[in-house]
Amino acid sequence: MIIRAYEPTETNFNHNKYVLGECIKLEMEETKNGMFLVTVEYPLLDKKGIGNLLTRGWVIKVPTPDSRKDQLFRITEIEKNTNANRVNLTAKSIGITDLGSNFILDTNIVAKTRLEALQQILDRTMDTHSFTADGDTTEAQNNLRIVRYSPIQAIFGSDKNTMVNRYGGDYVLDNFVIHALETRARETAYEINHTKNLNAITESVDDTNLVTRIIPIGTNELMLPETYINSPKIGNYERVYNKLVHFEQIGVD
C-alpha cells in the first residue's frame, strides 16, 4: 500500500513527489451518505523529512478496499508531538472539504431525475470547481429547491430539501466524481493498527471553523447587494471557505 502526499494547491495527483513510506497507523471511516475520512499517524521526523511538512490543506492519496481508485483526502486537523516524534492527522474526502466550503445561493430543480438534480447542484455553485456527477439512469423525477446551502449540505444534509431526503438513493464520493446510485452494491473498510504514544506536548491545527468569505443575511432574509464579504486574507488559502452568517438584528424598517 502506497500513501502519497501533495501540497495544498496541487492539481496533478499522479506523481510521487512525497511518499509516506513510514506510516505507523492508518484508519479509514466511511458512513453511508455521510462522512468519508482517514486518520493517520506518521513520524514527525521521518527519513525523507515529509512528516514535518504536513499541515492543514495538504492532500493525501490512499488506496481503498473497494473498486474505487486511490482516494484523495484533504488534511483538516493535525497534531504534532515532538516528544513522541509523531504527527497525527485527520483528512476528509476532497469532495467533502472542497465542496463543503463552496456555496449555492439559490437553485430550483424542477422535474429532474436524481442524476440531473445532482448535476444542477454542482453547476450552481458560487465558486468554480472540478467535480462532476455520475450514476444510475432513472426516469423517476422530482422537485427540489436549494437555498443557501453548500453542495455537501444540499446532497447529504438532514433537512427536507436535500438530495438524500427528496430523491433517496446512495451518494458515493469518488475523488472528483459523485456517484448518485439507487443502491450501493457493497460497503467495506480496513484498518491498520500500531501502538501509539501521545504523552507529550502537542501542537494542534483544526480548520473546522475556518472562514474566508461570509454571506450575511439579516431580518426577512435581507442580503447585501454584493452578496458576500471577503476576508483580506482570502488569497492565503488554497480555496475559498464560504459561510452563511445570520444577523437577525439587521433589517430595514
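**Close-up views of a predicted model**

**View 1. Arg74, a charged residue tucked away in a strand.** With a relative accessibility of 4%, Arg74 counts as buried, because the cut-off for that label is under 20%. Everything shown here and in the other views comes from a predicted model. Arg74 sits in strand S6, and its side chain gets to the backbone oxygen of Pro8 at 3.2 Å. Who else does Arg74 touch, leaving aside neighbours within four places in sequence? Besides Pro8, the contacts include Gly57, Trp58 and Val59, then Thr90, Ala91 and Lys92. Ile94, Thr97 and Asp98 are on the list too, along with Glu238 and Arg239.

**View 2. The second largest pocket, with Arg74 again in the picture.** This pocket holds about 370 Å³. Its lining is made of 20 residues, and those closest to the centre are Arg74, Asp98, Thr128, Glu238 and Arg239. So we meet Arg74 once more, this time together with three of its contact partners, Asp98, Glu238 and Arg239. Which helix or strand gives the most to this lining? That is helix H1, with three residues. Sorted by class, the lining has seven nonpolar, seven polar and six charged residues.

**View 3. Lys80, further along strand S6.** Lys80 belongs to strand S6, which covers residues 71–81. Is Lys80 buried or exposed? It counts as buried, at 13% relative accessibility. Two backbone oxygens sit by its side chain: the one of Asn52 lies 3.2 Å from a polar atom of the Lys80 side chain, and the one of Leu54 lies 3.3 Å from a polar atom of that side chain. Across the sheet, Lys80 stands opposite Val87 in strand S7.

**View 4. The hairpin of S6 and S7.** Strands S6 and S7 pair in the antiparallel sense, over eight bridges. Four residues lie between the two strands of this hairpin, and Asn85 in the turn has a positive phi of about 55°. Glu77 is another residue of S6. Glu77 is partly exposed, at a relative accessible area of 30%. Its C-alpha atom is separated by 5.5 Å from that of Leu89, though the two residues are twelve apart along the chain.

**View 5. Strand S7 and its partner S4.** How many of the eight residues of S7 are buried? Seven are, so this strand (residues 86–93) is mostly covered. S7 also pairs with strand S4 (residues 36–43): the two run antiparallel and are joined by seven bridges. Leu89 turns up here again, as Val40 stands opposite Leu89 in S7. With S6 also paired to S7 in the antiparallel sense, strand S7 has both S4 and S6 as partners.

**View 6. A three-stranded open sheet.** Strands of a sheet pair through backbone hydrogen bonds, either parallel or antiparallel. In what order do the three strands of this open sheet come? The order is S16-S15-S17, and the pairing is mixed. S16 (229–230) and S17 (242–246) stand at the edges with a single partner strand each, so one side of each has no neighbour in the sheet. S15 (residues 213–217) pairs with S16 in the antiparallel sense, over two bridges. Ile214 stands opposite Ile229 in S16.

**View 7. The largest pocket.** Its volume comes to about 590 Å³. Among its 25 lining residues, the closest to the centre are Ile96, Gly100, Ser101, Thr208 and Asn242. Helix H1 (94–100), helix H3 (151–156) and strand S17 each supply at least two residues of the lining. By class, this lining divides into nine nonpolar, eleven polar and five charged residues.

**View 8. The largest cavity.** Rolling a probe the size of a water molecule over the atoms shows where empty space is left. How many cavities of 30 Å³ or more does a search of the whole structure find? It finds two, and the largest has about 70 Å³ of space. Of the 13 residues lining the largest cavity, Glu30, Thr31, Asn33, Tyr171 and Arg184 are the closest to its centre. Strand S11 (residues 170–174) provides the largest share of that lining, four residues. The lining is split into five nonpolar, three polar and five charged residues.

Technical notes: Residues are numbered from 1 along each chain as its sequence is written. This is a predicted model: local features need pLDDT of at least 70, side-chain atom pairs count only at pLDDT 80 or more; totals for chains, interfaces and linings use all residues. Side-chain values use heavy atoms; hydrogens and water are left out. On a 1 Å grid over the protein atoms alone, a cavity is a set of points where a 1.4 Å probe fits but cannot get out, and a pocket is an open set with protein on both sides within 12 Å along at least five of seven lines; lining residues have an atom within 4 Å of a point. Grid points are joined across faces, edges and corners, and a volume is the space filled by probe spheres set on the points. Ala, Val, Leu, Ile, Met, Phe, Trp, Tyr, Cys and Pro count as nonpolar, Asp, Glu, Lys and Arg as charged, and the others, Gly among them, as polar. Two strands pair if DSSP finds at least two bridges between them. Buried means under 20% relative accessible area, exposed over 50%, partly exposed in between (1.4 Å probe, protein chains only). A polar contact is a pair of N or O atoms within 3.5 Å; within protein, one must be able to donate a hydrogen and the other to accept it, and residues adjacent in sequence count only if both atoms are side-chain atoms. Contact means heavy atoms within 4.5 Å.
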